[in-house]
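Okay, thanks for squeezing me in. Have a look at the sequence and the structure, and I'll talk through what the side chains are doing.

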Amino acid sequence: MASYYAGSYEEPHFLESCSLCRKHLGLNSDIFMYRGDKAFCSNECREEQIESDEAKEKSWKVSARSLRKKSSEAAKDCKTVRTGTLVVA
């Protein structure tokens, strides 16, 4: 939970609550880490985040591949245009 003190907004320390469900992480409870800076209250929450991240990465890769394909197809369709000086007599 974020705190508001004397006109400033303070983010909680990443080990205070689960990065997914925001459940408070107790002092004597297990903490499941992911990517070094995300803490989770359970292995289930951690796995859900991993699956979500993998799905996003897969989507980005497919999008990037599609964009490269469209870009190369557009390049094939382009006509070469030469610029220079035109003299008409």
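So, Glu-47 and Arg-46: their side chains form a salt bridge, with the closest N and O atoms 3.4 Å apart. How exposed are the two partners? Glu-47 is partly exposed, with a relative accessible area of 32%, and Arg-46 counts as partly exposed too, at 22%. Keep in mind that everything here is a predicted model.

How many salt bridges does the structure hold? It holds 3. The other ones I want to show you come together at an arginine: Arg-35, Asp-53 and Glu-57 are linked in a network of salt bridges.

Let's go through that network edge by edge. Arg-35 meets Glu-57 with the closest N and O atoms 2.7 Å apart. That pair links distant parts of the chain, since Arg-35 sits in the loop between E3 and E4 while Glu-57 is in helix H1, 22 residues apart. The other edge is Arg-35 with Asp-53, at 3.9 Å, N to O. If you're wondering how that one passes, the cut-off for a salt bridge is 4 Å. Asp-53 is also in helix H1, so this pair ties the loop between strand E3 (32–34) and E4 to the helix, across 18 residues of sequence.

Now, buried or exposed, for each member of the network? Asp-53 is buried, with a relative accessible area of 9%. Glu-57 is partly exposed, at 30%. And Arg-35 is exposed, at 52%; the line for exposed is drawn at over 50%, so Arg-35 makes the cut.

While we're on Arg-35, look at its backbone. Its phi is positive, about 55°, although Arg-35 is not a glycine. Where else should you look? Arg-22 has a positive phi near 65°, and it's another residue other than glycine. Arg-22 is placed in the loop between strand E2 (8–10) and E3, and it's exposed, with a relative accessible area of 57%.

Okay, zooming out for the overall layout. The protein has 1 helix and 4 strands. Along the sequence, the order is β-β-β-β-α. How much of it is buried? Buried residues make up 13% of the 89 residues. And for those of you who like contact order, take the contacts between residues at least 6 apart in sequence: 12% of them join residues at least 24 apart.

On to the inside. Here's the general background: in soluble globular proteins, nonpolar side chains tend to be buried together. Which residues do that here? The largest nonpolar core has 8 residues: Cys-18, Leu-25, Tyr-34, Ala-39, Phe-40, Cys-41, Cys-45 and Ile-50. Strand E4 (38–40) and H1 are the elements that give two or more residues to this core.

Two of those core members are aromatic partners as well. Searching the whole structure turns up 1 aromatic pair. That pair is Tyr-34 with Phe-40, and the arrangement is tilted, with 6.5 Å centre to centre and 50° between the planes. Why tilted and not edge-to-face? Because edge-to-face needs the planes over 60 degrees apart, and stacked needs them under 30. Both rings belong to buried residues: Tyr-34 has a relative accessible area of 10%, and Phe-40 has 0%.

Next to that pair there's a polar residue worth a click. Gln-49 is in helix H1, which runs over residues 43–77. Is Gln-49 buried or exposed? It's buried, with a relative accessible area of 11%. And what does it touch? Leaving out residues up to four places away in sequence, Gln-49 touches Leu-20, Tyr-34, Lys-38 and Phe-40. So put that beside the aromatic pair on your screens: Gln-49 touches both Tyr-34 and Phe-40, because contact here means heavy atoms within 4.5 Å.

Last stop, the surface. The accessible surface comes to about 7,900 Å², and 54% of that belongs to carbon and sulfur atoms. There's a nonpolar surface patch of about 290 Å², made by Phe-14, Leu-15, Ile-31 and Met-33. Take Met-33 as one of those: it lies in strand E3, and it's partly exposed, with a relative accessible area of 33%. The threshold for joining a patch is over 30%, so Met-33 qualifies.

That's my tour. Happy to rotate things if anyone wants another look.

Definitions and conventions: Residues are numbered from 1 along each chain as its sequence is written. This is a predicted model: local features need pLDDT of at least 70, side-chain atom pairs count only at pLDDT 80 or more; totals for chains, interfaces and linings use all residues. Side-chain values use heavy atoms; hydrogens and water are left out. Buried means under 20% relative accessible area, exposed over 50%, partly exposed in between (1.4 Å probe, protein chains only). A nonpolar core is a set of buried Ala, Val, Leu, Ile, Met, Phe, Trp, Tyr and Cys residues joined through side-chain atoms within 4.5 Å. Patches are made of residues with over 30% relative accessible area and no salt bridge: like charges are joined within 9 Å, nonpolar side chains (Val, Leu, Ile, Met, Phe, Trp, Tyr) within 5 Å. Accessible areas come from the Shrake-Rupley method with a 1.4 Å probe; for residues, only the protein chains shown count as cover. Rings of Phe, Tyr and Trp (its six-membered ring) pair if their centres lie within 6.5 Å; planes under 30 degrees apart count as stacked, over 60 as edge-to-face and the rest as tilted.
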